[in-house]
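Q: I would like a close look at a single part of this structure. Please take one helix and describe what surrounds it, step by step.

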Amino acid sequence: MRFLLPVGLITTTLAIAPVRFDGDKVLRVKLQDEKQANIIKDLAKTSQLDFWYPDATHHVAANMTVDFQISAKESQFVESALDQNQMHYEILIHDVQEEVEKQFDVKEDNPGRHSYAKYNNWNKIVAWTEKMVHKHPKMVSRIKIGTTVEDNPLYVLKIAGKDKRRKAIFMDCGIHAREWISPAFCQWFVYQATKTYGKNKIMTKLLDRMNFYVLPVFNVDGYIWSWTQNRMWRKRSRNQNSKCIGTDLNRNFNVSWNSFPNTNDPCQEIYRGPAPESEKETKAVSDFIRSHLKSIKAYITFHSYSQMLLFPYGYTSELPPNHKNLAKVAKIATDVLSTPYETHYTYGPIASTIYPTSGSSLDWAYNLGIKHTFAFELRDKGRFGFLLPESQIKPTCKETMLAVKFIVKYILKHTS
């Protein structure tokens, strides 16, 4: 793919012109049978298809809806192939570059203040973490849990009320670089928690009885790259002995890590890395959670897109022992989420609801002993995909906040 760059270039960011996507399209193809699925797989061998949903070629199957980005120079060939095989498709995005630029559709009221209605780059997020600690010193603390491959800090914000004897929940955002709505939600959550503590009865109770550990950006290096060089970048970090860069951090956790052979190619978007927890980011998060395992009762990770609430497992079709309980919580949470804007979410186990996956943080946390683990796939369902406009940040965060608060209330009531 175009955005798999030589390793040597990774250290010369300033010398590289940012990737543009003029004339690129995003197509949605509804596959009717296995024959059509194989046609897409064959096209992926001869053309540079950047899969948006699912995230890799080998997940493509009959009766699936597939979204992928195709370059301007190859779109005519791909569309002709689809037409010749009488495959139904629609163009979700006619010009990716236009949508990249149109994302920023919220005017900044006060450039000097942190905005929760806009996407913020890494420098702004770091400054924001400092501000939150300074503004709420008794409530918010910043913990450096490690550093990234490019020596950027990994910060977790701990948010707590007055009671010191409490359970805990770990939340992370931005494990895939191009999913900007995810870090936006983590910032929103911290802001709302600190703003409403002592004023909102429910939030005050939650914070007095539970520590919240929030990692606003998991994949910091990739997030920076998506802002400075390639908006559609997904993974990040160097790979040894390869011309391709990047490991999918959500394939790098130590759970059924090597069960999918398709994840062992460094040039694939879902490359699992050379070993479990080989990446500094994955290792830092894993070590932190392990060291706080006695108190952590829930793990929630935020991704995009497709509007789903997922729970284990991803690496097997077998259901976890408490799957009925997880499904009950997910159903009510998605019902609550839909109340303000009628946003419809589906829910279920990863493998059967979205697609099978190995080495995910969700399955790892569950097998570690955290029996309430969930993954949100935030807005939307593909109209904008990873390029969700800023005008949808607030409604996305508001509805998601309702679901998260329900999950936390349930955990407080039903865990020891």
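A: What follows describes one helix, the sheet beside it and some residues around it.

The model is predicted. The helix chosen is α5, which covers residues 181–196. Helix α5 has 16 residues, and from its first C-alpha to its last it reaches 22 Å, close to the 22 Å expected at 1.5 Å a residue. Of the 16 residues of α5, 14 are buried, so the helix is largely enclosed by the rest of the structure. After α5 comes Gly198, which has a positive phi, near 85°.

Part of the surroundings is a sheet. The sheet is open and has eight strands, in the order β5-β6-β8-β7-β9-β12-β10-β11, with mixed pairing. At its edges are β5 (140–147) and β11 (346–349), each of which pairs on one side only. From one strand to the next, the twist averages 20°. Helix α5 packs on this sheet and touches β5, β6 (153–159), β7 (167–173), β8 (210–215), β9 (296–304) and β12 (373–378). The direction of α5 makes about 145° with that of β7.

One strand pair can serve as an example of how the sheet is put together. Strands of a sheet pair through backbone hydrogen bonds, and the pairing is either parallel or antiparallel. Strand β10 (residues 308–311) pairs with β11 in the parallel sense, over four bridges. Within this pairing, Leu310 has Gly348 in β11 as its bridge partner.

Next comes the loop that leads into the helix. Trp180 is placed in the loop between β7 and α5. With a relative accessibility of 3%, Trp180 counts as buried, because the limit for buried is under 20%. Leaving aside neighbours within four places in sequence, Trp180 is in contact with Gln103, Phe104, Tyr119, Tyr223, Ser226, Trp227 and Arg231. The C-alpha atom of Trp180 is separated by 11 Å from that of Asn219, and these two residues are 39 residues apart along the chain.

Aromatic rings are part of this picture. The structure holds 26 aromatic pairs. In the pair of Trp180 and Trp227, the ring centres are 4.3 Å apart and the planes are at 10°, so the pair is stacked. Trp180 lies in the loop between β7 and α5, while Trp227 lies in helix α7, so the pair ties together parts that are 47 residues apart in sequence. Trp227 is partly exposed, with a relative accessible area of 26%, whereas Trp180 is buried. Ring pairs also link Phe104, Tyr119, Trp180, Tyr223 and Trp227 into a cluster.

Another residue brings the description back to α5. Ile393 has its place in helix α12 (residues 393–414). Ile393 is buried, and its relative accessible area is 0%. Not counting residues up to four places away in sequence, Ile393 touches Tyr116, Ala117, Lys118, Tyr119, Ile181 and Ala184. Two of the residues in that list, Ile181 and Ala184, fall within the range of α5, residues 181–196. The C-alpha atoms of Ile393 and Trp180 are separated by 9.8 Å, and the two residues are 213 residues apart along the chain.

To put the parts together, α5 is a helix with 14 of its 16 residues buried, and it packs on the sheet. Trp180, in the loop between β7 and α5, stacks with Trp227. Ile393 of α12 touches Ile181 and Ala184, among others.

Terms used: Residues are numbered from 1 along each chain as its sequence is written. This is a predicted model: local features need pLDDT of at least 70, side-chain atom pairs count only at pLDDT 80 or more; totals for chains, interfaces and linings use all residues. Side-chain values use heavy atoms; hydrogens and water are left out. Two strands pair if DSSP finds at least two bridges between them. Helices (H or I, at least four residues) and strands (E, at least two) are DSSP runs, numbered from the N terminus. Axes are lines fitted to C-alpha atoms, for helices over the stretch in contact, and angles run from 0 to 180 degrees between N-to-C directions. Contact means heavy atoms within 4.5 Å. The expected span of a helix is 1.5 Å times one less than its number of residues. Buried means under 20% relative accessible area, exposed over 50%, partly exposed in between (1.4 Å probe, protein chains only). Rings of Phe, Tyr and Trp (its six-membered ring) pair if their centres lie within 6.5 Å; planes under 30 degrees apart count as stacked, over 60 as edge-to-face and the rest as tilted.
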